[in-house]
Amino acid sequence: MRSKADGGKPFHLSGGRRIGRDFGDWPAVADTLELLLAVLDEQARWGMAFCDSLILAAARASGASEFTTEDSSHGDNYGGVRAVNSFL
């Protein structure tokens with residue numbers, strides 16, 4: 001498989017397996033009705049777009065104290081979860 005992101009170089013399965021194992025170390029948040037309702041609550045509370053509310057709700061559900069965003073102001077606190085803009 002080739003992609004523009006890697007300059008069109010072939011993607012080797014051994015690298016994919018390593019990347020997959022690395023992702024396995026991250027906590028996963030289940031896509032549930034409870035999460036969807038939390039997303040809608042975050043959206044109503046903060047006036048965020050659905051995508052950003054989903055990231056915030058998933059971060060909160062995982063116990064994270066920060067979430068990465070380029071759409072919210074760096075350092076803003078959303079009820080105990082801080083926005084971090086990694087592009088600054």
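**A walk from a loop glycine to the core**

Let us begin at Gly63, which sits in the loop between H3 and strand S1 (66-68). Keep in mind that this is a predicted model. Is Gly63 buried or exposed? Gly63 counts as exposed, because its relative accessibility is 62% and the cut-off for exposed is over 50%. Gly63 also has a partner in space that the sequence would not suggest at a glance: Pro27 is 36 residues apart from Gly63 in sequence, yet the two C-alpha atoms are 9.6 Å apart.

Now turn to helix H2, which covers residues 33-46. With 14 residues at 1.5 Å a residue, H2 should span 20 Å, and its end C-alpha atoms are indeed 20 Å apart, so the two values agree. Which residues of H2 are buried? They are Leu35, Val39 and Glu42. These three lie on the same side of H2, because the arc they cover around the axis is only 65°. There is a simple background to such a pattern: an α-helix has 3.6 residues a turn, so residues three or four places apart point the same way. On the face turned away from the buried side, H2 carries the exposed residues Leu33, Glu34, Asp41, Ala44 and Arg45. Just after H2 comes Gly47, with a positive phi near 70°.

What does the buried side of H2 pack against? Its buried residues pack against helix H3 (50-62). Two packed helices are described by the angle between their axes and the distance between the axes. Here the axes of H2 and H3 come within 8 Å and cross at roughly 120°, and the crossing is right-handed. Many residues take part in this meeting: from H2 they include Leu36, Ala38, Leu40 and Trp46, and from H3 they include Phe50, Leu54, Ala57 and Arg60.

From here we can move to the largest nonpolar core, which has 7 residues: Met48, Leu56, Ala59, Phe67, Tyr78, Val81 and Ala83. Leaving aside residues up to four places away in sequence, Met48 touches Gln43, Ser53, Leu56, Phe67, Ser72 and Tyr78.

One of those contacts, Ser72, makes a good last stop. Ser72 is placed in the loop between S1 and strand S2 (82-84). Is this loop residue, Ser72, buried or exposed? Ser72 is buried, because its relative accessible area is 10%, and buried means under 20%. Apart from residues up to four places away in sequence, Ser72 touches Met48, Phe67, Tyr78 and Ala83. Those four also appear among the residues of the largest nonpolar core.

How values were computed: Residues are numbered from 1 along each chain as its sequence is written. This is a predicted model: local features need pLDDT of at least 70, side-chain atom pairs count only at pLDDT 80 or more; totals for chains, interfaces and linings use all residues. Side-chain values use heavy atoms; hydrogens and water are left out. Helices (H or I, at least four residues) and strands (E, at least two) are DSSP runs, numbered from the N terminus. The expected span of a helix is 1.5 Å times one less than its number of residues. Buried means under 20% relative accessible area, exposed over 50%, partly exposed in between (1.4 Å probe, protein chains only). The arc is that of the directions from the helix axis to the C-beta atoms. Contact means heavy atoms within 4.5 Å. A nonpolar core is a set of buried Ala, Val, Leu, Ile, Met, Phe, Trp, Tyr and Cys residues joined through side-chain atoms within 4.5 Å. Axes are lines fitted to C-alpha atoms, for helices over the stretch in contact, and angles run from 0 to 180 degrees between N-to-C directions. A crossing is left-handed if the near helix is turned anticlockwise from the far one by less than a right angle, and right-handed if clockwise.
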